[in-house]
Amino acid sequence: MQDGLKNVSSNINSFLMIGQSNMAGRGHFDEVEPIKNKLCHMLRMGRWQAMSEPINPDRVIFNPSWHSGISLGASFADDFAKYTGCPVGMIPCADGGTSIDQWMPGEILYDHAVMMTKLAMRSSNFSGILWHQGESDCAEAKRILYKEKFITMITAMRRDLGNENIPVIIGELGTNVIGYKEDEDPVKMNAVFYEIAKTIPMCAVVSSEGFTLNSDGIHFDSKSLRIFGSRYFEAYRKLVSEN
């Protein structure tokens with residue numbers, strides 16, 4: 001077995017996708033080659049099915065401007081499967097436009113993510129949480145409370161899922177998004193993510209440097225999301241290897 005993931009399960013290794021639209025994915029289908037890997041799966045109707053995109057259909061699928069589409073989940077899964085030679089399954093629970101408050105314990109999105117993960121755990125080895133969210137909380141008044149809220153949320157989720165050290169991977173926000181308001185600073189929000197990673201165990205942050213956007217000026221494009229998924233996997237691999 002490859003170094004750093006020596007104890008990976010030969011059963012399906014599952015990963016929870018949570019956050020807002022750039023985790024769900026808004027990449028256009030015709031901009032990248034589809035990923036076809038028999039070891040990659042996604043949760044549908046409580047069962048594992050062959051992975052296809054969109055993995056996380058939180059919005060309409062057929063729309064010329066923005067839609068549920070290519071996400072970072074596919075390249076993450078593909079890299080995991082190629083590196084370990086073991087099956088992997090994605091648990092899609094991200095929801096576009098949502099704030100950290102909507103992911104707090106007791107809220108619907110939190111309960112849904114825990115419920116779906118527990119369902120997936122009946123037929124898989126739960127292996128990590130992939131998070132990308134923060135655009136809705138970039139304003140200073142919200143940003144200064146984000147660290148405490150995130151730690152409260154992820155600590156509760158780890159406890160509810162029975163593993164207080166489950167790896168958590170956080171992705172940086174794009175800093176070139178068009179339409180941020182004057183007091184919305186993605187650079188400062190990204191700094192908060194690194195503070196979080198220093199505070200809680202088994203947590204890493206992934207760079208979004210160099211990424212390009214769809215024509216909407218908001219969402220990462222397909223090519224960037226493919227790279228993002230690979231960066232998420234590399235961060236996960238290093239985190240597991242070092243711990």
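This is a short talk on one helix, one buried strand residue and two partly exposed sites in a predicted model.

I will start with helix α2, which covers residues 72-84. The helix has 13 residues, and from its first C-alpha to its last it reaches 18 Å. That is close to the 18 Å expected at 1.5 Å a residue.

Where does α2 sit relative to the rest of the structure? Of its 13 residues, 10 are buried, so the helix is largely enclosed by the rest of the structure. The buried ones are Leu 72, Gly 73, Ala 74, Ser 75, Phe 76, Ala 77, Asp 78, Phe 80, Ala 81 and Thr 84. An α-helix has 3.6 residues a turn, so residues three or four places apart point the same way.

What do the buried residues of α2 pack against? On the strand side, the partners are β1 (13-19), β2, β4 (88-92) and β5 (125-132). The helices they pack against are α1 and α6 (222-242).

Now the two ends of α2. At the start, Ser 71 places a side-chain oxygen within 3.1 Å of the backbone nitrogen of Gly 73. After the helix comes Gly 85, with a positive phi near 75°.

Next, Asn 13, which is in strand β1. Is Asn 13 buried or exposed? Its relative accessibility is 0%, and buried means under 20%, so Asn 13 counts as buried. A polar atom of the Asn 13 side chain lies 3.0 Å from the backbone oxygen of Pro 87. Leaving out residues up to four places away in sequence, Asn 13 touches Val 8, Phe 80, Cys 86, Pro 87, Val 88, Gly 89, Asn 125 and Ser 127. One of these, Phe 80, is also among the buried residues of α2.

Now to the surface. Phe 29, Ile 61 and Phe 62 make a nonpolar patch of about 330 Å². Phe 29 belongs to the loop between α1 (21-24) and β2 (40-44). With a relative accessible area of 33%, Phe 29 is partly exposed.

The last residue is Leu 119, in helix α3, residues 108-121. Leu 119 also counts as partly exposed, at 28% relative accessibility. Which separation along the chain goes with its C-alpha distance to Met 45? The two residues are 74 apart along the chain, and their C-alpha atoms are separated by 9.9 Å.

To recap, α2 is largely enclosed, Asn 13 in β1 is buried, and Phe 29 is partly exposed, as is Leu 119.

Note on methods
Residues are numbered from 1 along each chain as its sequence is written. This is a predicted model: local features need pLDDT of at least 70, side-chain atom pairs count only at pLDDT 80 or more; totals for chains, interfaces and linings use all residues. Side-chain values use heavy atoms; hydrogens and water are left out. Patches are made of residues with over 30% relative accessible area and no salt bridge: like charges are joined within 9 Å, nonpolar side chains (Val, Leu, Ile, Met, Phe, Trp, Tyr) within 5 Å. Accessible areas come from the Shrake-Rupley method with a 1.4 Å probe; for residues, only the protein chains shown count as cover. A salt bridge is a side-chain nitrogen of Lys or Arg within 4 Å of a carboxyl oxygen of Asp or Glu. Helices (H or I, at least four residues) and strands (E, at least two) are DSSP runs, numbered from the N terminus. Buried means under 20% relative accessible area, exposed over 50%, partly exposed in between (1.4 Å probe, protein chains only). The expected span of a helix is 1.5 Å times one less than its number of residues. Contact means heavy atoms within 4.5 Å. A polar contact is a pair of N or O atoms within 3.5 Å; within protein, one must be able to donate a hydrogen and the other to accept it, and residues adjacent in sequence count only if both atoms are side-chain atoms.
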